[in-house]
Amino acid sequence: MQAAIDITTKYCQKDMEAYGSCVASNPSTWQQRCHELKMKVAQCTSSHPVIQRIRQGCSKEFMDFERCLRENQDNATSCSPHVARFVACAETVDIGGAGKSLLDLSMVN
């Protein structure tokens, strides 16, 4: 998962920082106030091939996580098990077409 985080940070740092600041500044209303910034981060990350492979390979886990967030907007921490399942899946996704997974790449770093 570290490789995905690194890619996201490298290509989308400005958008991620703006979104994080918005969420931190609006603890009870971040879902509404930060929606546009969230969409900018999503657009940025979805354009990278590694992120696209993770989304394809782990679409069920990702949808389960998003559904949990929608159903628990006031208590996002209750979705921790969903995050763990998504991360576990993401670490097994073949990102290079040659059997390389994010887990393999994170072991190199």
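Start in helix H5 (residues 59–71) and select Lys60 and Asp64: they sit 4 residues apart in this helix, so about one helical turn separates them. The model is predicted, and the tour moves from this pair to the rest of the chain.

**Stop 1: the charged side chains of H5**

Show the side chains of Lys60 and Asp64. They form a salt bridge, with the closest N and O atoms 2.8 Å apart. The two ends of this bridge differ in exposure: Lys60 is exposed, at a relative accessible area of 52%, whereas Asp64 counts as buried, at 17% relative accessibility.

Now add Arg67 to the selection. Asp64 forms a salt bridge with Arg67 as well, and here the closest N and O atoms are 2.7 Å apart. Both residues belong to helix H5 and lie 3 residues apart, about one turn of the helix. Through shared partners, the salt bridges join Lys60, Asp64 and Arg67 into one network. Arg67 is partly exposed, with a relative accessible area of 38%. A search of the whole structure finds 2 salt bridges.

**Stop 2: an aromatic pair from H5 to H6**

Stay on H5, select Phe62, and then add Phe86. A search of the whole structure finds 1 aromatic pair. The ring centres of Phe62 and Phe86 are 5.4 Å apart and the ring planes meet at 55°, so this pair is tilted. The pair links distant parts of the chain, because Phe62 lies in helix H5 and Phe86 in helix H6 (residues 80–90), 24 residues apart. Phe86 counts as buried, at 12% relative accessibility.

**Stop 3: the two sides of H4**

Select helix H4 (residues 49–57) and look down its axis. Which residues of H4 are buried? They are Val50, Ile51 and Ile54. Seen along the axis, these buried residues fall within an arc of 100°, so they line one face of the helix. Turn the view to the face pointing away from the buried side: the exposed residues there are Pro49 and Gln56.

**Stop 4: the loop between H1 and H2**

Go back along the chain and select Asn26, which is found in the loop between helix H1 (2–25) and H2. Is Asn26 buried or exposed? Asn26 is buried, with a relative accessible area of 16%. Leaving aside residues up to four places away in sequence, Asn26 touches Arg33 and Cys34.

**Stop 5: the whole chain**

Clear the selection and switch to a cartoon view. The protein has 7 helices and 0 strands; from the N terminus on, its elements run α-α-α-α-α-α-α. Of its 109 residues, 29% count as buried. Among contacts with a separation of 6 or more, 52% are between residues 24 or more positions apart. The protein exposes about 7100 Å², and carbon and sulfur atoms supply 54% of that area.

**Stop 6: confidence**

Finally, colour by pLDDT. The mean for the protein is 78, and 79% of its residues reach 70 or more. Select helix H2 (residues 30–33), where confidence is highest, at a mean of 90, and then helix H7 (residues 102–108), where it is lowest, at 49. Over residues 105–109, pLDDT stays under 50, and the model has 4 contacts beyond four places in sequence for this stretch. Where pLDDT is low, the predicted coordinates should not be read in detail.

Conventions
Residues are numbered from 1 along each chain as its sequence is written. This is a predicted model: local features need pLDDT of at least 70, side-chain atom pairs count only at pLDDT 80 or more; totals for chains, interfaces and linings use all residues. Side-chain values use heavy atoms; hydrogens and water are left out. Buried means under 20% relative accessible area, exposed over 50%, partly exposed in between (1.4 Å probe, protein chains only). Helices (H or I, at least four residues) and strands (E, at least two) are DSSP runs, numbered from the N terminus. The arc is that of the directions from the helix axis to the C-beta atoms. A salt bridge is a side-chain nitrogen of Lys or Arg within 4 Å of a carboxyl oxygen of Asp or Glu. Rings of Phe, Tyr and Trp (its six-membered ring) pair if their centres lie within 6.5 Å; planes under 30 degrees apart count as stacked, over 60 as edge-to-face and the rest as tilted. pLDDT is the predictor's confidence in each residue, from 0 to 100. Contact means heavy atoms within 4.5 Å. Accessible areas come from the Shrake-Rupley method with a 1.4 Å probe; for residues, only the protein chains shown count as cover.
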